[in-house]
Amino acid sequence: MNETPARIGFAFCGSFCTFSKAMAALEEVKARFGDVTPIVSEASASLDTRFGEAHEFMMEMERICDKRVINSLTKAEPLGPKKLLDALVICPCTGNTLGKLAAGIADSTVTLAAKAHLRNGRPLIITVSTNDALASSAKSIGALMDKKHVYFVPFRQDDPVEKPTSIVADFSQVADTVAAALKGEQLQPLLLGPKN
């Protein structure tokens, strides 16, 4: 561990195609900060997809973190009142979750965890992964960028020709973004050029 120990929440939303990258980011965050609590959205907890089975993802999260996954509203709610986290990462963060966060809607495990956590004025780190980031989710991204205590993992268009409105964060920069956010700083550059 090469960082000051910190209590990090790591929440998965339903961008299933990025789960392998998110899992690698989870391992790095755990190695750097020590205490990591896994959190999953209802879709992540229940849907088997062509990218893997839900129970296998949850078992792997629990193995990495050595903690049970928070997978319900009742388990997520105490995160705020009990001040259980120093930072919360949503990785990946879908367009649906972006919209809910921007509108103040807390009707899922992940959005309630974020609302409960933000009440303490501590960093929320968003790892965008959505096909509509430069379309219907652009307004939500803009609103969240203007919010205090919200930080973004640097991102880029992942396929400007075939998916011109799609944005994906650079998952290799999640841990660095957490470290910067714990100091009250946004990791820069935020907007990345094309991937080589």
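**Surface, fold and cysteines of a predicted chain**

The chain exposes about 9,200 Å² of surface, and carbon and sulfur atoms supply 52% of that area. The model under discussion is a predicted one, and every value quoted here is computed from it. Within the chain, buried residues account for 51% of the 196 residues.

The overall dimensions may be considered next. Along the principal axes, the C-alpha trace spans about 45 × 35 × 35 Å. A compact globule of 196 residues would have a radius of gyration near 16 Å, and because the chain has 15 Å, the two values agree. The secondary structure consists of eight helices and seven strands. Of the contacts with a separation of 6 or more, 76% join residues that lie 24 or more positions apart in the chain.

The charged groups can be described in equally brief terms. The chain carries 22 positive and 22 negative charges, and the mean positions of these two sets are 7 Å apart.

Helix α8 offers a view of the interior. This helix comprises residues 174-182, and seven of its nine residues are buried, so the rest of the structure largely encloses it. The buried positions are V174, A175, T177, V178, A179, A180 and A181. Against which elements do the buried residues of α8 pack? Their partners are the helix α1 (19-33) together with β1 (6-12), β3 (87-93), β4 (124-130) and β5 (150-152). After α8 comes G184, which has a positive phi near 80 degrees.

The cysteines call for a separate explanation. A disulfide is a covalent bond between the sulfur atoms of two cysteines. How many disulfides does a search of the whole structure find? The search finds zero. For the assignment used here, the two sulfur atoms must lie within 2.5 Å.

Why does C13 form no such bond? The closest cysteine sulfur to that of C13 belongs to C93 and is 5.3 Å away, which is too far for a bond. C13 is also a buried residue, because its relative accessible area is 1%, and the cut-off for buried is under 20%.

C91 leads to a similar account. The sulfur of C91 also has its closest cysteine sulfur in C93, but the distance is 9.5 Å, and therefore too far for a bond. With a relative accessibility of 0%, C91 counts as buried. Thus C13 is buried and C91 is buried, while the search of the whole structure finds zero disulfides.

Definitions and conventions: Residues numbered from 1 in each chain as written. Predicted model: local features only at pLDDT ≥ 70, side-chain atom pairs only at ≥ 80, totals over all residues. Heavy atoms only, no water. Buried < 20%, exposed > 50% of the residue type's maximum accessible area, 1.4 Å probe, protein only. Helix = DSSP H or I, 4+ residues; strand = E, 2+ residues; numbered from the N terminus. Rg over C-alpha atoms; globule rule 2.2 N^0.38 Å. Contact = heavy atoms within 4.5 Å. Areas by Shrake-Rupley, 256 points an atom, 1.4 Å probe, with all protein chains shown as cover. Lys, Arg positive; Asp, Glu negative; His and termini not counted. Charge placed at Lys NZ, Arg CZ, Asp CG, Glu CD.
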